[in-house]
Protein chains: 2
Amino acid sequence: MPPPASRPIGLTLARTARAVSRAFDARLAEAGGSLPVWLILLSLRTQALGNQRELANAVGIQGATLTHHLNAMERNGLVTRRRDPANRRVHLVELTPAGKELFGRLRETAIAHDRRLRRGLTSAEVASLEQLLDRLHVNVADDDPAVT
Amino acid sequence: MPPPASRPIGLTLARTARAVSRAFDARLAEAGGSLPVWLILLSLRTQALGNQRELANAVGIQGATLTHHLNAMERNGLVTRRRDPANRRVHLVELTPAGKELFGRLRETAIAHDRRLRRGLTSAEVASLEQLLDRLHVNVADDDPAVT
DNA sequence: GCCTAATCATTTGATATCTATCGTTCCTGA
DNA sequence: TCAGGAACGATAGATATCAAATGATTAGGC
């Protein structure tokens with residue numbers, strides 16, 4: 001059983017994802033944002049999150065990492081944090097007007113990026129890509145590492 | 001023109017890639033390695049690289065980052081670095097026996113990971129996935145950002 | 001043959017991320 | 001009632017990464 005002759009699919013996946021993320025991040029930087037800031041703004045704007053842990057989960061980062069970003073965003077006047085009076089362990093994170101304004105600008109960037117990414121692909125192809133990616137995800141998320 | 005109703009494809013791509021990379025890195029760690037170390041060993045073993053810049057390029061990282069990894073690998077006795085007598089700007093990087101031994105172990109891990117990743121996918125599906133990823137890559141690598 | 005360009009690697013300084021730990025606040029069961 | 005544990009977020013310490021500046025060496029132009 002020789003090693004796979006072609007380039008491993010994981011390598012192609014990692015490199016493509018990095019190139020795409022970097023391109024997106026560069027566009028967001030031009031608009032005054034960054035990838036993590038955009039994901040945080042998006043989650044705050046579109047989901048009702050009870051606490052920072054849920055927010056971190058929605059963004060896909062750890063709580064500690066979220067803390068750093070929220071510190072910076074608070075310093076920059078994008079969000080406010082205050083204790084929930086009903087449960088003083090919980091911090092309520094809210095967008096300021098400046099935060100909402102940045103969200104609007106970054107949303108344009110995100111829409112343009114997505115359009116650019118899909119260029120030349122039919123919606124059936126995009127759907128197929130999504131489905132294949134999901135299957136890779138399932139293959140590694142699987143709790144049974146015994147399968148060789 | 002509303003934002004795309006479905007989850008942006010870039011987000012699915014980024015999350016899948018992260019999950020896959022993390023799973024692979026965890027396996028490599030069990031075998032005594034890491035993702036960047038594996039890529040460096042693989043490049044050294046399978047390609048004739050003239051200098052560190054080429055090596056960094058093959059691995060897909062910046063020269064500065066490569067320097068850090070080579071420092072650590074040299075400390076751990078996996079590689080040696082010496083000046084090229086013909087061009088004293090160039091460092092020749094070579095695997096030690098311990099480096100070759102680790103390469104062999106990590107290769108097993110990499111083969112198993114690839115097999116796991118492809119589980120349930122036909123080779124036609126994998127080829128289709130590769131081709132779709134390449135098209136995304138081209139879409140962002142494109143030098144013409146005017147296309148919206 | 002010199003001075004300037006270019007090339008190669010490293011260092012420096014910054015950001016993003018993780019795991020582990022800590023302090024505070026809340027809740028539950030004896 | 002109150003002691004122990006759980007939940008929440010912050011902090012500390014570590015690693016990976018990049019861009020920009022620096023140092024050393026070579027190559028080219030005159």
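Ala, Val, Leu, Ile, Met, Phe, Trp, Tyr, Cys and Pro are counted here as nonpolar, Asp, Glu, Lys and Arg as charged, and the others, Gly among them, as polar. A residue is near a strand if one of its heavy atoms lies within 4 Å of it. In this predicted model, the surface near DNA strand D then sorts into nine polar, six charged and four nonpolar residues.

The two protein chains come before the DNA. Chain A can be laid on chain B by a rotation of 180° with 0.0 Å of shift along the axis, at an RMSD of 0.1 Å. This is the relation of a two-fold axis. Of the interface residues of chain A, 100% are also interface residues in chain B, so the copies meet through the same surface.

Both chains also contribute to the surroundings of DNA strand D. Among the 19 residues around this strand, those that come nearest are Q52(A), T67(A) and R81(A) from one chain, and T65(B) and H69(B) from the other. Of the strand D atoms that come within 4 Å of the protein, 76% belong to sugar and phosphate.

Individual polar pairs can be followed in the structure. In R81(A), a side-chain N or O atom is 2.8 Å from a phosphate oxygen of DNA strand D. R89(A) places a polar side-chain atom 3.4 Å from a sugar or linking oxygen of the strand. With R88(B), a backbone N or O atom lies 3.2 Å from a phosphate oxygen.

The elements that each give two or more residues to this surface are α3 (52–59), α4 (63–75) and β2 (87–95) of chain A, and α4 (63–75) and β2 (87–95) of chain B. The largest share, four residues, comes from α4(B).

Notes:
Residues numbered from 1 in each chain as written. Chains lettered and ligands numbered in written order. Predicted model: local features only at pLDDT ≥ 70, side-chain atom pairs only at ≥ 80, totals over all residues. Heavy atoms only, no water. Least-squares fit on C-alpha atoms with pLDDT ≥ 70 in both. Contact = heavy atoms within 4.5 Å. Polar contact = N/O pair within 3.5 Å; in protein donor to acceptor, adjacent residues only side chain to side chain.
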